[in-house]
Amino acid sequence: MGLLSDAFVYLCAAVIAVPLANRLGLGSVLGYLIAGVVIGPVLGVVGSETTEVQHFAEFGVVMMLFLVGLELKPAMLWKMRQQLIGLGGLQVVGTTAVFAGIGLAAGLTWQSAVALGMILALSSTAIVLQTLNEKGWMKTQGGQNSFSVLLTQDIAVIPMLAILPLLAGAHGGSGRSEAHAGGEHGDAAAHGGEALAALPGWAQALIILAVIAAIIFAGRHLLRPVFRFIAEAHLREIFTATALLLVIGIALLMDFVGLSPALGTFLAGVVLSDSDYRHELESDIEPFKGLLLGLFFLTVGAGIDFDLLFGAPVTIFGLAIGLIAVKFGLLFALGTVFRLRGADRWLFALGLAQAGEFAFVLFGFASGAGVLEQTLLQTMTLVVAITMLLTPALFIFYEKVVAPRAVSKSEREPDVIDSRGRVVVAGMGRFGQIVSRLLLTSGYDVVILDHDPQTVENLGRIGMRTFYGDATRPDLLHGAGLGEADLFVAAIDDRDKQTMVVEHVAKTYPKVRILARARDRHHVYELEMAGAHRAERELFEGALALGRRALIELGSHPFRARTRAKNFRNHDREMLEGLRENYNDGGVDKSYIDAMRAHSETLYEIMRAEQGDDRHERTERGWNPPPKGDATL
């Protein structure tokens with residue numbers, strides 16, 4: 001029962017800690033680390049078996065790199081070559097060089113210094129991407145550049161895994177067997193790299209190149225027919241078994257010739273990235289990868305030496321803060337060179353300043369190769385974990401302190417607005433662009449404002465003159481000639497800012513008609529209370545048109561589909577009016593919910609009545625025109 005009891009402890013810790021960590025904004029990786037700390041050093045539930053479990057869980061890294069390869073289509077990599085080679089490449093190489101220099105100054109051998117520099121150059125892909133997506137920062141310039149660097153780092157792991165054994169060879173390899181005797185990497189060397197040791201160097205090189213070429217050839221020409229054959233059996237478990245067989249087989253093949261299994265699976269993933277079965281492979285491998293990586297991080301947390309932390313807290317925290325400070329400085333300088341400005345530069349530098357989860361993996365490889373001493377590994381494992389624990393605080397600092405000041409002190413001054421028009425449009429997102437184009441092509445003079453310099457530049461290229469500036473600023477609205485205009489169209493992305501600017505315009509320019517973009521029904525009411533004369537939900541008409549098309553695709557006559565969509569729209573308009581009196585600033589209450597339920601029941605009755613009327617459903621004509629004077633949908 002030992003295996004089952006251990007599995008129960010690890011799974012129980014993950015199920016409890018990871019959801020709590022996500023709710024607190026810490027991310028799943030930190031949740032696993034904290035869970036490992038609790039069941040290991042704190043409670044002592046797990047013990048020496050964590051080392052063996054960790055060797056097994058490291059296979060999750062192999063699966064992760066296979067999935068990374070599946071996402072990296074060669075065409076996409078070529079399109080992003082400037083960001084990957086330029087910004088990402090400079091970050092990895094520059095950070096490696098700086099930390100290697102610090103290591104040499106601290107008395108490390110050059111091999112250990114280079115290995116440590118490579119490992120510390122990486123940032124936490126899991127934490128950073130999750131935070132950028134949750135906060136809505138991924139589409140910002142800082143978020144996009146952060147993604148490019150993280151992608152470069154993920155790719156850079158592959159050559160790092162290949163370089164670490166070479167550093168061990170240059171170091172003499174004396175520490176390999178001692179550091180990891182009996183472990184997974186030591187065993188790999190015994191039956192892998194040494195399997196070709198009797199051959200001359202040129203023969204080993206030829207065999208390695210032949211294996212890599214075979215993986216690429218098989219991925220291009222042999223695996224796709226195999227997957228097609230398996231898929232035709234319509235047995236999901238067999239396809240899953242085939243996917244696992246592929247990953248494990250490539251890992252064993254690469255291990256046999258003495259190369260990193262992760263390198264082989266990464267290459268196979270890239271080759272299969274254009275395959276028709278890419279998404280199914282991802283969905284089959286993802287659960288195994290997630291569980292094994294989670295188990296790996298659990299064992300890392302369980303193996304943290306708290307005696308070391310309590311014995312030298314100033315040293316450990318000093319190293320962690322120093323690591324963050326050095327990486328922040330380098331990233332901030334790179335952001336300046338690559339023309340990141342204001343808040344974007346701070347987001348880029350603060351977001352990537354920590355060490356990453358791949359450090360734990362590479363520490364294991366470095367230990368197995370004997371490149372880094374065990375004492376240094378224990379210290380740096382603790383330092384890396386602390387930098388990751390501090391990452392949420394860095395993002396909070398950016399959001400609460402840096403971003404507001406960076407926005408208010410933008411390096412670019414607002415444009416001087418030298419034109420006037422009957423209409424002023426604030427916001428040129430997907431909503432504002434459609435409104436502006438319709439008005440401009442109809443012959444009206446429109447003054448357009450937007451706060452994103454990239455959007456202003458792009459629209460200028462296609463002939464839509466747009467003025468840069470924050471439309472929530474009263475002086476900018478006055479400079480745009482709003483006092484002389486007839487109409488103000490508020491189409492700002494930010495919900496709160498949208499309501500605020502509508503309220504300001506309604507109070508300051510009472511003669512100007514206000515049309516506003518609303519996120520949802522409740523936002524309609526908020527904007528009307530703020531002073532908007534009309535608010536339209538941004539997705540309603542598009543969703544309704546698509547729903548009408550769905551009815552036709554499912555067999556409804558086009559006229560019947562149009563009628564149903566028209567009835568739905570009319571009823572929704574009535575519901576919008578009817579629920580207004582039940583809405584209050586505090587949100588929804590029981591009266592609102594009861595009224596909403598009543599309107600929904602009425603809609604069901606209307607639509608059921610439509611289903612019973614099939615007079616127009618099967619006419620010989622493909623389309624019956626609407627009654628005269630009836631508006632089309």
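**Helices and parallel strands in a predicted model**

Guide: To start with helix α18, its residues G342, A343, D344, R345, L347, F348, A349, L350 and G351 are buried, where buried means under 20% relative accessible area, exposed over 50% and partly exposed in between, with a 1.4 Å probe and protein chains only. This is a predicted model, in which local features need pLDDT of at least 70, side-chain atom pairs count only at pLDDT 80 or more, and totals for chains, interfaces and linings use all residues. Residues are numbered from 1 along each chain as its sequence is written, and side-chain values use heavy atoms, with hydrogens and water left out.

Visitor: Why is α18 largely enclosed by the rest of the structure?

Guide: Of the 10 residues in α18, which spans residues 342-351, 9 are buried, so the helix is largely enclosed by the rest of the structure. Helices here are DSSP runs of H or I with at least four residues, strands are runs of E with at least two, and both are numbered from the N terminus.

Visitor: And R339, where does that lie?

Guide: R339 sits in the loop between α17 (313-337) and α18.

Visitor: Is R339 buried or exposed?

Guide: R339 is exposed, with a relative accessible area of 68%, and although R339 is not a glycine, it has a positive phi of about 65°.

Visitor: Switching helices, how many residues of α14 are buried?

Guide: In α14 (residues 261-271), 10 of the 11 residues are buried, and the helix is mostly covered; among them are P261, L263, F266 and V271.

Visitor: Now the strands: which residues cover the two sides of β1?

Guide: In β1 (residues 423-426), V423 and V425 lie on one side and V424 and A426 on the other, and they are all buried, with both faces of the strand covered.

Visitor: How does β1 pair with β2?

Guide: β1 and β2 (residues 446-450) pair in the parallel sense over 4 bridges, where pairing requires that DSSP finds at least two bridges between two strands, and V423 stands opposite V446. Together with helix α21 (residues 430-441), these strands make a right-handed β-α-β unit; right-handed means that, with the strands pointing away from the viewer, the path from the first strand over the helix to the second runs clockwise.

Visitor: What stands opposite V425?

Guide: V489 in β4 stands opposite V425, and β1 and β4 (residues 487-490) are also parallel, over 4 bridges.

Visitor: Which strand do 4 bridges join to β4, running parallel, apart from β1?

Guide: That is β5 (residues 513-518), where L515 stands opposite V489. The chain crosses from β4 to β5 through helix α24 (residues 495-508), in a right-handed crossover.
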